[in-house]
Amino acid sequence: MTKRTTARLQTMRVAFCGMMCALSVVLMLMGGLIPVMLYVAPLLAGILLLPVLVEYGRKAAWLTWLATSLCVLMIGVDKEAAFFYLFIGYYPILKWDIERKIPRKGWRTAVKLLLFTASTGLMYLLLSLIFPAQSLAAEFGKGWLWMCIFLLAMMDFCLLMYDRALIAMVVLYDKKMRPALKFLRR
């Protein structure tokens, strides 16, 4: 491969990853504008890591996730959505390692639930340290703990549905979109 071809491929790689990062940031900005998008926007932004992962590999996908995380934290997106992307947005990259390295479905599901619960719990712990919520805890009284457990269980359920949707997204990308993006691989 000539120097010129290598430079062209590298430029294409950087441009494509930059476009996916920019599109992810735009989706995250929508999360701040439309209340229902608070949790949906980070998941959609995570889906945009799939084409980067398929075309250019894990390293490019991790760098795209990092760039997007830093951008959304600096730009002023809703902080909860930004932290949700920071703590859960990388999952589409890890999913395929979990699928490949853990042969039994039950163990894979347990690992995914542990990852989701630990990430979400750590995120809310960090958010509660940055933005104390004593008034919210006082408002719910003794039911505060049960409400948190219920919400965490619902979040885990939604993230397991997201996990299943990622498979469909990869198939959709591979069958419908990837043939139209042949120029990325030339």
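**Cores, helix packing and salt bridges: a short tour**

Hi everyone, let's begin with one residue: aspartate 97 counts as buried, because its relative accessible area is 12%, under the 20% cut-off. Please keep in mind that we are looking at a predicted model.

So who is the partner of aspartate 97? Aspartate 97 forms a salt bridge with arginine 100, and their closest N and O atoms are 2.7 Å apart. Both residues sit in helix H6, three places from each other, or about one turn of the helix. Here is a handy rule: an α-helix has 3.6 residues a turn, so residues three or four places apart point the same way. Arginine 100, though, counts as exposed, because its relative accessibility is 59%.

Aspartate 97 has another role in our picture. Helix H6, residues 91-101, packs against H4 at an angle of about 145°, and the two axes are 9 Å apart. On the H6 side, the contact is made by Ile93, Leu94 and Asp97, and on the H4 side by Arg58, Ala61, Trp62 and Trp65. Sorted by class, that gives five nonpolar residues, two charged ones and no polar ones.

Now for the nonpolar cores. Which residues touch the most other members of the largest core? They are Met28 and Val52, in a core of 28 residues. Helices H1, H2, H3, H4 and H5 each give two or more residues to this core, and H1 has the largest share, with six. Take a look at valine 52: beyond its neighbours within four places in sequence, it is in contact with Phe16, Cys17, Met20, Gly57, Ala60, Ala61 and Thr64. A separate core has 17 residues, including Ile47, Tyr91, Met123 and Leu127.

Those last two, Met123 and Leu127, are also among the buried residues of H7. Helix H7 covers residues 105-130 and reaches 37 Å from its first C-alpha to its last, close to the 38 Å expected. Arg108 and Lys112 are buried in H7 too, and they belong to a network of salt bridges with Lys95, Glu99 and Asp163.

Altogether there are nine salt bridges. One of them joins glutamate 55 and arginine 178, with the closest N and O atoms 2.9 Å apart. Glutamate 55 lies in helix H3 and arginine 178 in the segment after helix H9, so this pair ties together parts that are 123 residues apart in sequence. Glutamate 55 is buried, at 12% relative accessibility, while arginine 178 is partly exposed, at 22%. Arginine 178 also forms a salt bridge with aspartate 174, where the closest N and O atoms are 3.6 Å apart.

Thanks for listening!

Notes
Residues are numbered from 1 along each chain as its sequence is written. This is a predicted model: local features need pLDDT of at least 70, side-chain atom pairs count only at pLDDT 80 or more; totals for chains, interfaces and linings use all residues. Side-chain values use heavy atoms; hydrogens and water are left out. Helices (H or I, at least four residues) and strands (E, at least two) are DSSP runs, numbered from the N terminus. The expected span of a helix is 1.5 Å times one less than its number of residues. Buried means under 20% relative accessible area, exposed over 50%, partly exposed in between (1.4 Å probe, protein chains only). A nonpolar core is a set of buried Ala, Val, Leu, Ile, Met, Phe, Trp, Tyr and Cys residues joined through side-chain atoms within 4.5 Å. Contact means heavy atoms within 4.5 Å. Axes are lines fitted to C-alpha atoms, for helices over the stretch in contact, and angles run from 0 to 180 degrees between N-to-C directions. Ala, Val, Leu, Ile, Met, Phe, Trp, Tyr, Cys and Pro count as nonpolar, Asp, Glu, Lys and Arg as charged, and the others, Gly among them, as polar. A salt bridge is a side-chain nitrogen of Lys or Arg within 4 Å of a carboxyl oxygen of Asp or Glu.
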